[in-house]
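I opened this model to follow one chain from a single strand pairing outwards to its sheet, its overall build and its contact with a partner chain. My entries are in the order in which I looked things up.

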Amino acid sequence: MALTAEDVANLARLARIELSEAELEVLAPQLDVILESVARVSDVAAQDIPPTSHALPLTNVFREDELRPSLSREQVLAGAPAAEQMRFRVPKILGEEA
Amino acid sequence: MTLAEAPNAEIIRQTAVDLATKIKSGELSAVEVTRSHLDRIAEVDGEIHAFLYVDGERALASAARVDAKIAAGEPVGPLAGVPLALKDILTYTGAPTTCGSKILQGWLPPYDATVTRRLLDHDMVILGKTNLDEFAMGSSTENSAYGPTRNPWDTSRIPGGSGGGSAAAVAAFEAPLAIGTDTGGSIRQPAAVTGTVGVKPTYGGSSRYGLVALASSLDQPGPCARSVLDAALLHQAIAGHDPCDSTSIDQPVPDVVTAARSADVSRMKIGVVTELGGEGYAPGVEQRFNEAVELLASLGAEIIEVSCPHFVYALPTYYLILPAECSSNLAKFDAMRFGLRVGDDGFASAEQVMAATREAGFGAEVKRRIIIGTYALSSGYYEAYYGQAQKVRTLISRDFDQAFSQADVLVSPSTPITAFKIGEKVDDPLAMYRNDLCTIPSNLAGNASASFPVGLAPEDGLPVGFQVMAPPLADDRLYRVGGALEAALHSAWNGPLLDRLPDPGALR
């Protein structure tokens with residue numbers, strides 16, 4: 001399939017990782033080798049096989065709708081990169097392309 | 001200097017069971033046991049680098065509380081006062097949780113993992129947090145942002161990964177016990193290459209609450225130890241239903257302690273997986289593995305060969321499912337609520353800050369896997385990659401079902417080769433991934449598995465691990481096999497394998 005540096009830059013944009021030109025050059029051939037190797041899964045004829053998303057069967061789990069103590073605002077904000085007025089302070093989120 | 005001559009050798013060489021007994025009887029105090037291990041860490045960890053954080057003062061204070069409880073005649077847990085090392089991917093309030101990543105450098109979690117809480121409730125003493133490949137992605141600990149851990153058997157070699165810190169801490173007698181987490185072999189492969197015991201419980205057998213997620217459908221915490229019984233006691237302490245983890249199994253914990261004590265394999269049917277051997281396996285690994293199988297036969301087990309034809313697809317299946325899950329799990333590192341933030345200059349947008357932060361905060365392997373996962377989940381490729389991998393996962397589980405209809409447990413080498421040199425495989429991701437060839441199938445199917453030491457490979461004198469796999473919730477069978485192997489091998493060797501460890505204290 002030969003993944004190009006441009007393809008990797010696209011994927012990195014989707015994954016929100018700003019990769020340098022140098023990283024793209026190194027990553028593209030490495031990822032290409034990995035993808036070529038994992039593509040072997042399609043050698044298996046598995047048309048009618050149901051997919052497994054979890055190792056063991058999952059059932060929905062309910063609990064009583066009761067009040068329980070939660071983290072305080074101080075605890076929640078203690079690990080924040082920036083906080084202001086007891087809130088997370090974040091960079092601007094409007095005025096950018098989607 | 002040999003290990004026997006090391007300071008505090010008489011304390012640090014003991015099993016967790018013996019330490020607990022002596023602490024309870026008053027023959028040793030928890031404080032002196034903890035201090036001996038902290039001294040040992042100070043002595044050798046500069047070389048081994050198993051720990052990212054040593055919590056000395058708090059460990060001594062908790063040890064003193066255990067001593068006071070025992071003196072007052074209060075009831076205490078079976079491993080009360082025994083020190084332990086915690087993999088730095090489980091939260092423990094008051095100590096940083098970094099996951100071996102720069103993106104979480106210095107992050108202090110606001111809550112304890114369920115596993116951590118159970119250790120503390122059992123009166124165990126947490127010495128500190130151990131090194132790992134970043135977010136548990138790797139097989140050598142070389143992907144840690146804080147530098148690699150070194151194998152106590154040969155410090156130019158890797159201790160396995162991702163839980164190389166936990167395995168090395170136990171092998172180097174820095175702690176009698178440690179907690180690891182196993183997503184594709186991260187408990188078993190390090191155990192194999194360090195000559196220690198490592199167990200991955202049945203998926204859902206131990207809680208993932210407070211374990212920073214790599215791949216949620218695969219991750220599982222478990223015990224690391226130097227003896228089978230020690231591992232069983234730690235397994236018992238941490239396992240069991242947790243309402244905070246929706247995948248936690250609401251059933252009794254298999255009686256692993258009784259199984260380890262019984263060490264009985266007579267009339268047990270043991271299946272050798274034919275696909276996990278042959279080309280690519282080191283001769284010494286195959287030799288020690290075959291000898292261990294013969295040993296089990298001599299102890300009364302019935303040995304059969306079983307074929308699991310889809311296991312050859314386990315590696316590519318895993319390296320699609322894991323990156324897919326990790327690319328979504330690691331999306332939470334967005335520079336907004338916790339961890340690193342880079343480039344927030346008042347002009348940059350949230351999206352630009354997020355991308356710059358992830359560029360600066362994640363290492364090469366994490367980036368590789370996130371991008372592979374993004375690719376595998378993107379429209380147009382989803383069916384061919386992730387969708388197909390999920391189907392092959394079903395076929396691998398069916399292979400297990402078929403094999404377990406013929407055998408009580410399955411066995412294989414834990415990893416195809418012994419510990420390799422630090423730096424040898426860092427630029428070859430596929431060669432690195434092949435270390436997990438034997439361990440991955442069990443994670444994909446969610447059953448129980450373990451690695452036990454079975455000797456040193458003749459060609460390089462490095463430890464070889466023996467993998468045992470059991471059906472879901474039959475974790476006790478692992479311990480029966482492990483216990484039987486351990487008893488027979490110790491009597492053949494005149495003591496444990498780790499007696500032959502060159503003392504890292506001598507390498508300072």
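**Notebook: chain B**

I began with a single pairing in this predicted model, and found that B:Val197 has B:Ala225, in strand 6 of chain B, as its bridge partner. I then looked at the two strands as a pair: strand 5 (residues 197-200) and strand 6 (residues 221-225) of chain B run antiparallel and are joined by 2 bridges.

Next I checked what packs here, and noted that helix 8 (residues 228-238) of chain B lies across strand 4, strand 5, strand 6 and strand 10, at about 150 degrees to strand 6. Helix 17 (residues 475-493) of chain B also packs on the sheet, where it touches strand 5, strand 9, strand 10 and strand 11, and its direction makes about 10 degrees with that of strand 10.

I traced the whole sheet of chain B, which is open and mixed, with 11 strands in the order 1-3-2-4-6-5-10-11-9-7-8. Strand 1 (51-54) and strand 8 (302-306) of chain B each have a single partner strand, so one side of each is left without a neighbour in the sheet.

For the chain as a whole I recorded 17 helices and 11 strands. The radius of gyration of chain B is 21 Å, close to the 23 Å that the globule rule gives for 508 residues, so chain B is as compact as a globular protein of that length. I also noted that buried residues make up 63% of chain B.

Last, I turned to the partner, and found 57 residues of chain B in contact with 47 residues of chain A. Helix 14 of chain B gives the most to this side, with 11 residues.

How values were computed. Residues are numbered from 1 along each chain as its sequence is written. Chains are lettered from A and ligands numbered from 1 in the order in which they are written. This is a predicted model: local features need pLDDT of at least 70, side-chain atom pairs count only at pLDDT 80 or more; totals for chains, interfaces and linings use all residues. Two residues are in contact if their C-beta atoms, placed from the backbone, lie within 7 Å. Helices (H or I, at least four residues) and strands (E, at least two) are DSSP runs, numbered from the N terminus. The radius of gyration is taken over C-alpha atoms; the globule rule is 2.2 Å times the number of residues to the power 0.38. A residue is buried if 20 or more other C-beta atoms lie within 10 Å of its own, exposed if 12 or fewer, and partly exposed in between; C-beta atoms are placed from the backbone. Two strands pair if DSSP finds at least two bridges between them. Axes are lines fitted to C-alpha atoms, for helices over the stretch in contact, and angles run from 0 to 180 degrees between N-to-C directions.
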